[in-house]
Protein chains: 2
Amino acid sequence: MGLDEITTAKPHDRLRHALARELDAVNALIAERMASRHAPRIPEVTRHLVDAGGKRLRPMLTLAAARLCGYDGPYHVHLAATVEFIHTATLLHDDVVDESGQRRGRPTANLLWDNKSSVLVGDYLFSRSFQLMVETGSLRVLDILANASATIAEGEVLQLTAAQNLATDEAIYQQVIRGKTAALFAAATEVGGVIAAAPEVQVRALHEYGDALGIAFQIVDDLLDYGGTEAIGKDIGDDFRERKLTLPVIRAVARADAGERAFWQRVIEKGDQRPGDLEQALALMARHRTLESTRATALDWAERAKSALSALPDDPIRDMLVDLADYVVARAT
Amino acid sequence: MGLDEITTAKPHDRLRHALARELDAVNALIAERMASRHAPRIPEVTRHLVDAGGKRLRPMLTLAAARLCGYDGPYHVHLAATVEFIHTATLLHDDVVDESGQRRGRPTANLLWDNKSSVLVGDYLFSRSFQLMVETGSLRVLDILANASATIAEGEVLQLTAAQNLATDEAIYQQVIRGKTAALFAAATEVGGVIAAAPEVQVRALHEYGDALGIAFQIVDDLLDYGGTEAIGKDIGDDFRERKLTLPVIRAVARADAGERAFWQRVIEKGDQRPGDLEQALALMARHRTLESTRATALDWAERAKSALSALPDDPIRDMLVDLADYVVARAT
């Protein structure tokens with residue numbers, strides 16, 4: 001990457017460039033630990049997901065946080081692999097859960113293999129991530145990741161019970177997306193600071209950054225489900241068809257008159273969806289300007305993420321993290 | 001329990017009596033940690049399993065090991081709850097996997113609720129168990145349980161690929177049952193010794209005892225699937241119908257002539273099962289005396305378990321663990 005490209009590149013690409021050597025080490029460690037002597041089915045399933053790659057956003061957050069706090073040991077690589085394994089395991093278990101047919105634009109593991117493999121290989125990756133964190137020898141890191149795991153699992157169950165339920169409010173939504181996305185983002189950045197033995201104020205700031213970034217990220221994801229240009233590999237209205245209560249819908253329901261409320265009850269609670277209903281839902285969101293207000297909420301969270309970074313050392317990596325917070329929301333414009 | 005009853009009671013009932021106070025503490029801790037403020041669905045699913053109770057065999061092993069090594073701190077209770085949570089989580093994930101309709105004589109969680117809840121609530125229990133072990137502050141305990149988790153998950157995947165495959169041999173079978181049962185038994189006893197800061201020779205002996213006991217236990221379980229009086233809540237021939245390669249079948253296949261082999265290929269590999277096939281399978285096992293030889297193998301493992309205990313202090317608890325090893329195999333007579 002030349003200098004011109006660096007300044008115009010997307011922030012996660014700049015991070016990837018700045019952390020290239022460490023990311024290579026993370027990828028090597030992932031490949032090594034994914035292997036199973038006894039059960040060749042395991043890499044067969046995981047390779048599919050790990051090669052598809054995603055953006056390696058979570059491991060990059062850990063590496064960036066550790067670097068920012070001046071860490072020069074080897075264990076940020078373990079922790080970066082840990083968070084990617086946890087992420088991949090939750091995707092595998094999500095596949096079982098959502099009966100979704102597409103993930104990152106490719107068929108999901110449970111269509112290529114089956115539900116059994118998704119559950120058990122997910123469990124295997126969880127246990128591998130657990131071994132990796134134990135190797136760091138840091139009880140505090142284990143504590144953070146244990147708590148994040150509980151928040152993730154609790155959020156997933158909450159999402160299950162909140163779906164199709166018009167009583168789902170913004171507070172519940174926030175718990176759901178914290179479990180779905182922000183808890184692992186926050187743990188990813190926080191453990192980077194902890195492994196670097198950073199001052200408490202910095203560790204706390206890293207947690208806040210990850211949490212706010214994750215919330216902004218998920219709100220935008222939910223927004224893009226109702227439009228936008230980056231909704232690659234995902235059809236517009238997937239959440240609507242699955243009767244999920246995301247922020248644009250929650251706000252439209254909160255502002256609904258009697259007739260509108262009957263519409264939402266029919267399509268979300270009863271699941272009686274007919275041709276033209278998605279268009280009608282979009283029209284109601286437009287009437288109450290909930291896509292705009294959702295975007296404003298995401299922007300707020302991105303600002304919170306950026307403010308948290310002020311507690312951290314002035315550094316090119318910090319600038320990239322600032323830009324990343326902006327970028328995450330800019331996807332929704 | 002009076003003195004007469006104690007001497008004639010089954011060994012796990014005597015253990016339960018001897019460890020009653022600590023078991024109460026374990027049950028209280030389980031009830032406390034099972035609760036979820038945010039997602040009431042969680043205790044709804046787990047109560048079903050945890051109340052059904054099983055024998056609390058694994059937590060008792062941890063408590064017994066800690067007591068035997070003279071532990072007087074509070075953390076053996078945390079570890080006992082940990083192993084029970086891990087056990088319950090694997091049962092929940094197994095329910096998804098096996099499409100089994102009965103567990104402990106009651107309908108499985110995934111018939112009462114659904115696959116989604118089983119996967120996610122299992123994940124929640126894993127994460128809760130993870131928090132409990134972190135609270136003990138022992139990295140060595142975390143290491144043991146992380147490795148056990150990996151062995152369990154790997155064994156489950158291996159079982160998946162080994163099913164319906166006549167090439168499954170005794171070595172693969174041993175790996176499968178180590179993952180399915182023995183790894184958690186071994187971890188349960190080992191962490192009891194570790195938390196008590198027992199000498200290495202005792203810690204190793206506790207691991208060996210749990211491992212051998214678990215293998216004996218699972219071999220007998222697989223044996224009882226083809227008969228015996230204690231197969232409560234499980235029909236004879238379940239494994240046959242699910243085309244699982246357990247020891248009695250593996251040995252019958254190994255000794256099969258051409259005609260017998262064709263039979264096994266049809267019923268196990270092709271899954272073409274007709275009325276009378278289970279009886280024919282039992283006749284072949286009788287001809288090659290594989291139920292007897294399987295029982296002899298289980299007895300060997302029980303002897304190994306008992307020998308391992310010689311490294312531990314002479315104590316009534318140790319006697320109960322000796323009797324437990326005998327009892328586990330006596331179920332199969």
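**Close-ups of a predicted two-chain model**

Counted over all chains, this predicted model comes to 40 salt bridges.

**View 1. A buried salt bridge joins R266(A) and D277(A).** Here the two side chains meet at 2.8 Å, N to O. The pair ties together distant parts of the chain, with R266(A) sitting in helix α14 (residues 258-269) of chain A and D277(A), eleven residues along, in helix α15 (residues 277-287) of chain A. R266(A) and D277(A) are both buried.

**View 2. K306(A) pairs with E303(A) inside one helix.** The closest N and O atoms of this salt bridge lie 3.0 Å apart. Both residues belong to helix α16 (residues 290-308) of chain A, and because they are three residues apart, about one helical turn separates them. E303(A) is partly exposed, at 40% relative accessible area.

**View 3. D314(B) and R318(B) form a salt bridge.** Their closest N and O atoms are 3.5 Å apart. D314(B) is exposed, with a relative accessible area of 64%, whereas R318(B) counts as buried at 17%.

**View 4. E32(A), R33(A) and E135(A) make up a salt-bridge network.**

**View 5. W264(B) sits in the largest nonpolar core.** That core has 208 residues, and W264(B) is listed with Y209(A), W264(A), L321(A) and Y209(B) as having the most contacts inside it. Among the residues W264(B) touches are L166(B), F240(B), V249(B), E269(B) and M285(B).

**View 6. Chains A and B are related by a two-fold axis.** A turn of 180 degrees and a shift of 0.0 Å along the axis lay chain B on chain A with an RMSD of 0.0 Å. That is the relation of a two-fold axis. As for the interface, 100% of the chain B interface residues are also interface residues in chain A, so the copies meet through the same surface.

Technical notes: Residues are numbered from 1 along each chain as its sequence is written. Chains are lettered from A and ligands numbered from 1 in the order in which they are written. This is a predicted model: local features need pLDDT of at least 70, side-chain atom pairs count only at pLDDT 80 or more; totals for chains, interfaces and linings use all residues. Side-chain values use heavy atoms; hydrogens and water are left out. A nonpolar core is a set of buried Ala, Val, Leu, Ile, Met, Phe, Trp, Tyr and Cys residues joined through side-chain atoms within 4.5 Å. Buried means under 20% relative accessible area, exposed over 50%, partly exposed in between (1.4 Å probe, protein chains only). Contact means heavy atoms within 4.5 Å. Copies are superposed by least squares on the C-alpha atoms of residues with pLDDT of at least 70 in both. A salt bridge is a side-chain nitrogen of Lys or Arg within 4 Å of a carboxyl oxygen of Asp or Glu. Helices (H or I, at least four residues) and strands (E, at least two) are DSSP runs, numbered from the N terminus. Lists of a residue's contacts leave out its neighbours within four places in sequence.
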